[in-house]
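Hi,

Here is the structure I promised to pass on. Have a look at it first, and then read my notes below.

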Amino acid sequence: MTEPLNPEQLRSFTPLNVLSEQQWRELRPQLVPQHLLAGQLLFRQGDQARTTYYLLSGELMLRDAAGGEERLQAGSEASCHPLSPSLPRQHEVRALSDASVLMLDSANLSRLLTWRLAYHDLLLDLGSNGDDVEWLERLLENPLFTKVPPANVRAMLDRLRPIDLPAGSRVLVEGEAGDCCYFLKSGRAEVFRGGDAGRQVLAELEVGACFGEEALLSDQPRNATVTLIEPGVVLRLDRQDFFALLKAPVVDEVSFGEAARLLSSGAQWLDVRLQAEYEQAHAQQALNMPLHLLRLKVRLLDKSKTYLCYCDSGKRSASAVFLLSQLGFSAYALRDGLDALPAVQRAGLLCESGPGYLARSGGRTERSH
């Protein structure tokens, strides 16, 4: 059986190179190379499978509808990007030699990328205000936060209420109704079931742990007791806030046709993907401002303009539009992203070397080529 790849073997692939260690662990079951024999078909033109492919070894042939052919060699610059990413596929892809590819669920990957880049932006912003970023990073790695739309994370942090407790305090009691959940900000806690006679210790919680959410999600009584084993601080999130923050915020979206009309009235494309993705192909005159740097570079934007945000799946651009709207900008997301565009529209929108703009440090923009 083939052993899963480790993250270090995949650091050259864009945009996988921004994922956190926790996210790599979540992806681990998918990090298994799939082998192709010379001549074997990977997918046909028009394929609709929501899978992201990367070439790991060997050589592939990409053939488009007009019969044009392109060889792709593992280790080349082009192989660091997903294969024929738009749906339906614009190419037939076949192995020219024995080869191996990585296959990832596109929806899951898009969710992880959006989450990672959105909270990276949050950490940069809070760190500049002198907040405890190390503690926040540990908190944000908690699996519960993966259920929260990235745009809601800041609101969740604002609604957490700190409570200082001495050692021995019982924060949750088995059998009680659940009206909130908690996060451990400092100290250590112990999770156990049963009374003192039949006490069964289940786990020890460390900083960043969330507890009590199971009773909220299942609408059942608490299934364990949680006690502090040293003085600490817990952060309480009430039931109504918990459920409100699990709902994705509504953002303004536009179709490709609606975007074209806004562009003719002076709107500008805002590419919120990574620079390496932007340089692969982008809309002409687009400004590249990656999601994780958006809050830091937003001063470069003009509030009198309308911005049309785009990314691959639409998830990162939705987060960008939510942020820009909160800051007083007029912004729309391209509905469902670049990958949902028909081949003709996508080819007409994106170019490999057309003019665009990069947001740079020091409050300036520069032309890209």
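Which residue in β15 does P162 stand opposite? The partner of P162 is L235. Before I go on, a word on the source: this is a predicted model, where local features need pLDDT of at least 70 and side-chain atom pairs count only at pLDDT 80 or more, while totals for chains, interfaces and linings use all residues. Residues are numbered from 1 along each chain as its sequence is written, and side-chain values use heavy atoms, with hydrogens and water left out.

Back to β15. This strand covers residues 232-238 (strands, E, at least two residues, and helices, H or I, at least four, are DSSP runs numbered from the N terminus). Seven of its seven residues are buried, where buried means under 20% relative accessible area, exposed over 50% and partly exposed in between, using a 1.4 Å probe and protein chains only. G232, V234, R236 and D238 point one way from β15, and V233, L235 and L237 point the other way. So you will find R236 and D238 among the buried residues too.

β15 has two antiparallel partners to look at (two strands pair if DSSP finds at least two bridges between them). With β8, residues 161-165, β15 pairs over five bridges. With β10, residues 180-186, the pairing runs over six bridges, and here C181 stands opposite L237 of β15. As a reminder, strands of a sheet pair through backbone hydrogen bonds, either parallel or antiparallel.

There is also an open sheet of four strands, in the order β9-β14-β11-β12, with antiparallel pairing. Its edge strands are β9 (170-172) and β12 (200-205), each pairing on one side only. The twist averages 30° from one strand to the next, with axes being lines fitted to C-alpha atoms (for helices over the stretch in contact) and angles running from 0 to 180 degrees between N-to-C directions. Within this sheet, five bridges join β11 (residues 189-193) to β12, and F192 has V201 as its bridge partner in β12.

Now for a loop residue. S86 lies between β5 (69-73) and β6 (91-95). Is S86 buried or exposed? S86 is buried, because its relative accessible area is 2%. Leaving aside residues up to four places away in sequence, S86 touches D339 and R346 (contact means heavy atoms within 4.5 Å).

Finally, the UniProt record, an unreviewed entry, places "domain: Rhodanese" at residues 263-346. Over residues 263-346 the chain is 33% helix and 21% strand, and the end C-alpha atoms are 16 Å apart. UniProt positions are given in the numbering used here, feature names are shortened, and annotations may be inferred rather than shown by experiment.

Cheers
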